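Colleague: I would like a close look at a single part of this model before I set anything up with it. Please take your time and set that part in its surroundings.

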Amino acid sequence: MTQAPPPPAPPPSFTGAARPYGGGDPYADYRTAPFPFTHLVDLADRRLGAGVVAANDEFFAERENLLVPGAAVFDPERFGHKGKIMDGWETRRRRGTDAGRPHPAEDDHDWALIRLGAPGVVHGVVVDTAHFRGNHPQAVSVEATSLPGSPSPEDLLADTVKWTTLVPRTPVGGHAANGFVVDAGQRFTHLRLNQHPDGGVARLRVFGEVAPDPAWLAALGTVDLVALENGGVVEDASDRFYSPPEHTVHPGRSRQMDDGWETRRRRDLGNDWIRYRLVGRGGIRAVEIDTAYLKGNAAGWAALSVRDVEGGEPDAWTEVLPRTRLQPDTNHRFVLDAPVVATHARVDIFPDGGISRLRLFGSLTEDATTHLESRHHNLTP
């Protein structure tokens, strides 16, 4: 009888304060570790439309800093009228009720409400306290809920809202990436980050799978079948040297060179590529390949191939856009002669370089729509 493999080890935990900053590289003593979920989409990415909609206190540093892309920055000389200016969300020090009870009560805590940029299933959370060395929270907890539409802070704070605990109250360390595995198995739209009793958090990252609303996709009819916000996924790529391939399915046009995908310079006769899984099985009618802001490093040529693992030969790739010359800093549009049904797509660039965005416009098949509707129903708490 074959034994089941042992469960994966929990991610390392960090507690306690870090040493005061002593000069040099502020990240030299930063505590972090590899987490098993960081390859997934950051559902709280500001570039997807995520936002910090409210917080009970942000006296020292604004709540919006929580979702800024990139690592937190530390400037030891930067002070303002309220004290040290930190790149994160920082609340004032909590106090008790009177001189006889100067310490905060056990349940006193600060909170921030986060709207996910793309509703989805959360598999991991990182509460990053970078540069908060002695002013980090003693513990944190994270809750989640799912509400339709665009609820206000008052809607989210109503007594009728059901919150699901993703991370129970857990001690955390200062100047550290505090990671937590989540196994809730539900679709959420908003999170509540609690810090006990007060302090500062530099960044919040929420990793998971996008679970789109099938009613919205059906109402649109023609959608981008590879867009991250709709549930498209980058499965693999030949090269991630300068910037990640996931950028190619981000919303909107690229805003600068590193907001796309760029590979190192090839010194062989091969080529670079990205492989995608579509939102669901669908018919592709039109293609956009954008090289915005890639001027001296855009790919020279590109080709697009697709496969359908649910029909025909699942391992066979069919070229739907032959190798085509690309121009720098240009959005290239192609209308296919007829809709091409696929579940996966692959863009090949020749010989190297980069593209900023890929759009595959089309409609889901009836079976794919039914599957998304069933998944949406099963994941909604």
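Where is Pro-351 found, that is, in the loop between which two strands?

Modeller: Bear in mind throughout that this is a predicted model. Pro-351 is found in the loop that runs between strand 19 and strand 20, the latter covering residues 354-355. The bond leading into this proline deserves attention, as Phe-350 and Pro-351 are joined by a cis peptide bond with omega at about -15 degrees. Most peptide bonds are trans, and most residues other than glycine have a negative phi. A cis bond also occurs from His-196 to Pro-197, where omega is near -10 degrees, and Pro-197 lies in the loop between strand 10 and strand 11, the latter spanning 200-201.

On the N-terminal side of the Pro-351 loop comes strand 19, which takes in residues 331-350 and holds Asp-348. Asp-348 counts as buried, because its relative accessibility is 9% and the cut-off for buried is under 20%. Its side chain makes a polar contact with the side chain of Asn-271 at 3.0 Å. If neighbours within four places in sequence are left aside, Asp-348 is in contact with Asn-271, Asp-272 and Trp-273, and also with Trp-301, Ala-302 and Ala-303.

Ala-302 offers a link from this strand to the nonpolar interior, since Ile-289 touches Ala-302 as well. With residues up to four places away in sequence not counted, the other residues that Ile-289 touches are Leu-321, Leu-326, Thr-330, Asn-331, His-332, Phe-334, Ile-355, Arg-357 and Leu-358. Ile-289 itself belongs to the largest nonpolar core, which has 67 residues, and is listed among those with the most contacts inside that core, together with Leu-66, Ile-114, Leu-166, Ile-284, Val-287 and Leu-360. A second core of 13 residues is separate from it and includes Tyr-30, Ala-72, Phe-74 and Ala-177. As background, nonpolar side chains tend to be buried together in soluble globular proteins.

At the other end of strand 19, the loop that joins strand 18 (318-325) to strand 19 contains Asp-329. Asp-329 has a positive phi of about 50 degrees although it is not a glycine, and at 36% relative accessibility it counts as partly exposed. His-175, likewise not a glycine, also has a positive phi of about 50 degrees; it sits in the loop between strand 8 (164-171) and strand 9 (177-181). With a relative accessibility of 0%, His-175 counts as buried.

For completeness, I add the second largest pocket, whose volume is about 700 Å³. Its lining is made up of 29 residues, and those nearest its centre are Pro-119, Gly-149, Arg-187, Thr-189 and Asp-213. Two or more lining residues come from each of strand 6 (110-128), strand 10 (187-196) and helix 2 (214-220), with strand 6 giving the largest share, five residues. Sorted by class, the lining has 12 nonpolar, 12 polar and five charged residues. Gly-221 is found in the loop between helix 2 and strand 13 (223-224); with a relative accessible area of 31%, Gly-221 is partly exposed. Apart from neighbours within four places in sequence, Gly-221 is in contact with Gly-362 and Ser-363.

Technical notes
Residues are numbered from 1 along each chain as its sequence is written. This is a predicted model: local features need pLDDT of at least 70, side-chain atom pairs count only at pLDDT 80 or more; totals for chains, interfaces and linings use all residues. Side-chain values use heavy atoms; hydrogens and water are left out. A nonpolar core is a set of buried Ala, Val, Leu, Ile, Met, Phe, Trp, Tyr and Cys residues joined through side-chain atoms within 4.5 Å. Buried means under 20% relative accessible area, exposed over 50%, partly exposed in between (1.4 Å probe, protein chains only). Contact means heavy atoms within 4.5 Å. Helices (H or I, at least four residues) and strands (E, at least two) are DSSP runs, numbered from the N terminus. A polar contact is a pair of N or O atoms within 3.5 Å; within protein, one must be able to donate a hydrogen and the other to accept it, and residues adjacent in sequence count only if both atoms are side-chain atoms. On a 1 Å grid over the protein atoms alone, a cavity is a set of points where a 1.4 Å probe fits but cannot get out, and a pocket is an open set with protein on both sides within 12 Å along at least five of seven lines; lining residues have an atom within 4 Å of a point. Grid points are joined across faces, edges and corners, and a volume is the space filled by probe spheres set on the points. Ala, Val, Leu, Ile, Met, Phe, Trp, Tyr, Cys and Pro count as nonpolar, Asp, Glu, Lys and Arg as charged, and the others, Gly among them, as polar.
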